[in-house]
Amino acid sequence: MTVDLEVDRTAAAPAPSHDNPAVDAWYDAPYSAGVMVCTEGGYLTVLEIYSVADEPITAWPDPRCIER
């Protein structure tokens with residue numbers, strides 16, 4: 001599942017530059033999957049969860065289950 005993010009770039013200054021993904025985390029309940037956040041020009045652009053199992057992702061994980 002991928003969500004393209006659109007942020008108000010006039011509301012805040014960009015974050016310092018860094019590699020993508022900006023964050024790559026893991027969770028295993030209810031699926032074995034990962035979560036990535038990407039940026040462009042210092043602003044959030046993409047939130048993605050991906051499966052490492054045979055079953056597709058059908059719901060966003062509970063944030064308390066994410067391990068970084």
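In this predicted model, strands β2 and β3 run antiparallel and are joined by 5 bridges. One of the pairs in this part of the sheet is V23, whose bridge partner in β3 is V37. V37 can be followed further across the sheet, as its bridge partner in β4 is L47. L47 in turn is the bridge partner of V3, a residue met again below in the description of the surface. A reader who traces V23, V37, L47 and V3 in turn on the structure will therefore have a handy path through the pairings. The wider arrangement is an open sheet of 4 strands in the order β1-β4-β3-β2, with antiparallel pairing. The edges are formed by β1, spanning 2-4, and β2, spanning 23-27, each of which pairs on one side only. From one strand to the next, the twist averages 15°. Along the sequence the pattern reads β-β-β-β, and the secondary structure of the chain comes to 0 helices and 4 strands.

The pairing of β3 with β4 comes next. Here 8 bridges join residues 33-40 of β3 to residues 43-51 of β4, and the two strands run antiparallel. Within this pairing, G34 stands opposite Y50, while M36 stands opposite E48. The two strands form a hairpin with 2 residues between them, and G41 in the turn has a positive phi of about 65°. For comparison, most residues other than glycine have a negative phi. On its other side, β4 is joined to β1 by 3 bridges, and this pair also runs antiparallel.

How much of β3 is buried? The strand is mostly covered, with 7 of its 8 residues buried. T39 lies in this strand, and it counts as buried because its relative accessibility is 14%, below the 20% cut-off. Leaving aside residues up to four places away in sequence, T39 touches H18, N20, A22, L44 and T45. A further pair of values helps to place T39: D28 is 11 residues away from T39 in sequence, and the two C-alpha atoms are 25 Å apart in space.

N20, one of the residues that T39 touches, also takes part in a notable piece of backbone geometry. The peptide bond from N20 to P21 is cis, with omega near 0°. Most peptide bonds are trans. P21 itself is placed in the loop between β1 and β2.

Which residues form the nonpolar patch on the surface? The patch is made of M1, V3, L5, V7, L44 and W60, and together these have about 450 Å² of accessible area. Two of its members have already appeared: V3 as the bridge partner of L47, and L44 among the residues touched by T39. W60 lies in the segment after β4. With a relative accessibility of 38%, W60 counts as partly exposed, since that class lies between the cut-offs of 20% and 50%.

Some totals for the chain complete the picture. The chain has 68 residues, of which 25% count as buried. Its C-alpha atoms fill a box of roughly 40 × 20 × 20 Å, taken along the principal axes. The accessible surface comes to about 4900 Å², and 53% of this belongs to carbon and sulfur atoms. Among contacts in the chain with a separation of 6 or more, 49% are accounted for by residues 24 or more positions apart.

Key: Residues numbered from 1 in each chain as written. Predicted model: local features only at pLDDT ≥ 70, side-chain atom pairs only at ≥ 80, totals over all residues. Heavy atoms only, no water. Pairing = 2+ DSSP bridges. Axes fitted to C-alpha atoms, helices over the stretch in contact; angles between N-to-C directions. Patch = residues over 30% accessible without salt bridge, like charges linked within 9 Å, V, L, I, M, F, W, Y side chains within 5 Å. Areas by Shrake-Rupley, 256 points an atom, 1.4 Å probe, with all protein chains shown as cover. Salt bridge = Lys/Arg side-chain N within 4 Å of Asp/Glu carboxyl O. Buried < 20%, exposed > 50% of the residue type's maximum accessible area, 1.4 Å probe, protein only. Contact = heavy atoms within 4.5 Å.
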